[in-house]
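Here are my notes on this model, as numbered points. Have the coordinates open while you read.

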Amino acid sequence: MPEDEARTMSRTALIRADGGRRLGMGHIKRCLALAAALADEGVSCTFACGGDDTAAELVAAAGYRPVPVAAGVEEEVARLPGAEVVVLDISHAGTFADAVGGHVAGLARRYAAVAVIDGLLHQCLVGRHDLPVDLAVIPYAAATEQPIASTRPRLLLGPEFFILDRAYAAFTAAPREIGGHGERVLVTAGGSDPAGLTVKALDAAQSLNERRLEIRIAIGPAFDPDSATAIAGAARRSRHRVTLLDRPESLARHMAWCDVAISASGLTKYELAATGTPALLLSIDRDHAAFNRPFEGFATARHLGVVEAVSAPSLAGALAELLDDAPSRAKMAAAGRAMLDTGGARRVATPVAGLAG
């Protein structure tokens with residue numbers, strides 16, 4: 001809960017999460033949604049943000065006073081004051097594999113409980129190490145197949161524990177209208193766009209000579225300024241009607257608006273599924289592509305591969321095909337709605353609050 005309301009809370013939690021231009025902002029945003037759910041449980045939150053300044057700026061804009069730390073595993077976090085429970089959302093390629101055990105052990109000595117919102121495969125901390133954590137949340141497709149090395153934690157596994165912002169609730173319940181020939185496209189590369197997905201999507205759309213599309217482009221809080229400038233230039237030159245969304249608080253209504261989304265394949269793919277949004281996914285690197293493979297079984301989107309390996313013409317072809325394929329879009333929408341709901345934040349917040357005393 002933001003600072004001006006935190007004084008009414010009797011319990012506190014420290015949330016340690018990483019984000020920024022390189023990492024994206026998905027982990028920060030879901031922790032903000034978790035903090036809102038924890039407030040309903042009577043738990044106030046303090047944030048420790050790793051990464052560049054954009055992570056701390058996003059947390060501050062939500063009304064919290066963030067404590068900056070370096071991204072990855074740092075012993076400095078263990079000396080931050082004032083919480084019964086620590087929630088870690090630091091599972092990514094930059095987490096130090098050789099330091100995480102000592103880091104978590106230090107937290108466990110200083111606080112009553114430690115919870116982890118974890119990753120998959122080689123980025124799963126409790127899968128790599130026997131960590132002294134009390135709760136581990138792996139909110140992804142195929143999480144039940146993840147090997148677990150930690151013997152102590154209570155496990156919350158699968159998309160039913162995926163944490164969505166409350167803004168999505170109204171759009172996950174509303175019926176999804178599927179038109180015969182789509183013309184509205186949302187492009188979202190997440191909080192940052194390190195692989196240049198947005199410009200490639202605009203280039204792809206530009207080659208669709210016989211169409212006039214409405215395109216909305218999400219410019220995330222961690223976009224590189226040069227990249228944002230290039231996107232604005234491409235938007236001005238486009239034959240289509242292009243609207244730039246500068247740091248939108250939520251993409252929920254834009255997902256509900258579009259016929260097809262072109263998206264990076266990070267946490268956003270779960271938001272697209274929840275809103276029943278047919279999507280074309282591109283991964284920023286091979287790691288993200290590997291994480292996407294279990295998700296493909298839910299058939300909520302089509303994964304085209306790693307951004308740098310997908311040409312603008314092939315993306316254009318896939319976009320045109322899906323815009324014209326109403327039955328496939330209807331199946332994607334139904335599959336997404338069946339996959340997850342908006343109750344994940346509550347399902348995670350309740351046990352975390354129990355750890356806070």
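1. A word on classes before the cavity: Ala, Val, Leu, Ile, Met, Phe, Trp, Tyr, Cys and Pro count as nonpolar, Asp, Glu, Lys and Arg as charged, and the others, Gly among them, as polar. On that basis the lining of the largest cavity splits into four nonpolar, three polar and two charged residues.

2. Some ground rules. This is a predicted model, in which local features need pLDDT of at least 70 and side-chain atom pairs count only at pLDDT 80 or more, while totals for chains, interfaces and linings use all residues. Residues are numbered from 1 along each chain as its sequence is written, and side-chain values use heavy atoms, with hydrogens and water left out.

3. Back to the cavity. On a 1 Å grid over the protein atoms alone, a cavity is a set of points where a 1.4 Å probe fits but cannot get out; a pocket is an open set with protein on both sides within 12 Å along at least five of seven lines; lining residues have an atom within 4 Å of a point. Grid points are joined across faces, edges and corners, and a volume is the space filled by probe spheres set on the points. The count comes to one cavity of 30 Å³ or more, and the largest has a volume of about 30 Å³. Its lining is made of Leu 281, Asn 292, Phe 295, Glu 296, Ala 299, Thr 300, Ala 301, Arg 302 and His 303. Helix 11 (286-296) and strand 13 (301-306) are the elements that give two or more residues to this lining. Helices (H or I, at least four residues) and strands (E, at least two) are DSSP runs, numbered from the N terminus.

4. Strand 13 also belongs to a sheet. Two strands pair if DSSP finds at least two bridges between them. Six strands form an open sheet in the order 10-9-8-11-12-13, with parallel pairing. Strand 10 (241-246) and strand 13 are at the edges with a single partner strand each, so one side of each has no neighbour in the sheet. The twist averages 15° from one strand to the next; axes are lines fitted to C-alpha atoms, for helices over the stretch in contact, and angles run from 0 to 180 degrees between N-to-C directions.

5. Where does strand 13 find its partner? Strand 12 (residues 279-283) pairs with strand 13 in the parallel sense over five bridges, and Ser 283 has Val 306 of strand 13 as its bridge partner. Helix 12 (residues 312-323) packs on this sheet, touching strand 8 (184-188), strand 11 (260-264), strand 12 and strand 13, and its direction makes about 155° with that of strand 12. Contact here means heavy atoms within 4.5 Å.

6. The other sheet is open too, with seven strands in the order 3-2-1-4-5-6-7 and parallel pairing. Its edges are strand 3 (67-69) and strand 7 (154-157), each with a single partner strand, so one side of each is left without a neighbour in the sheet. Here the twist averages 20° from one strand to the next. Strand 6 (residues 135-138) pairs with strand 7 over four bridges, with Leu 157 as the bridge partner of Ile 138. Helix 3 (residues 53-61) lies across strand 1 (11-19) and strand 2 (43-51), at about 160° to strand 2.

7. Now a helix pair. Helix 7 (residues 197-206) and helix 8 (residues 225-237) pack at about 10°, with axes 9 Å apart. Helix 7 and helix 8 are therefore roughly parallel (angles under 35 degrees count as such). Helix 7 brings Thr 198, Val 199, Leu 202 and Gln 206 to the contact, and helix 8 brings Ala 230, Ile 231, Ala 234, Ala 235 and Arg 237.

Terms used: Parallel < 35°, antiparallel > 145°, perpendicular 65-115°, else oblique.
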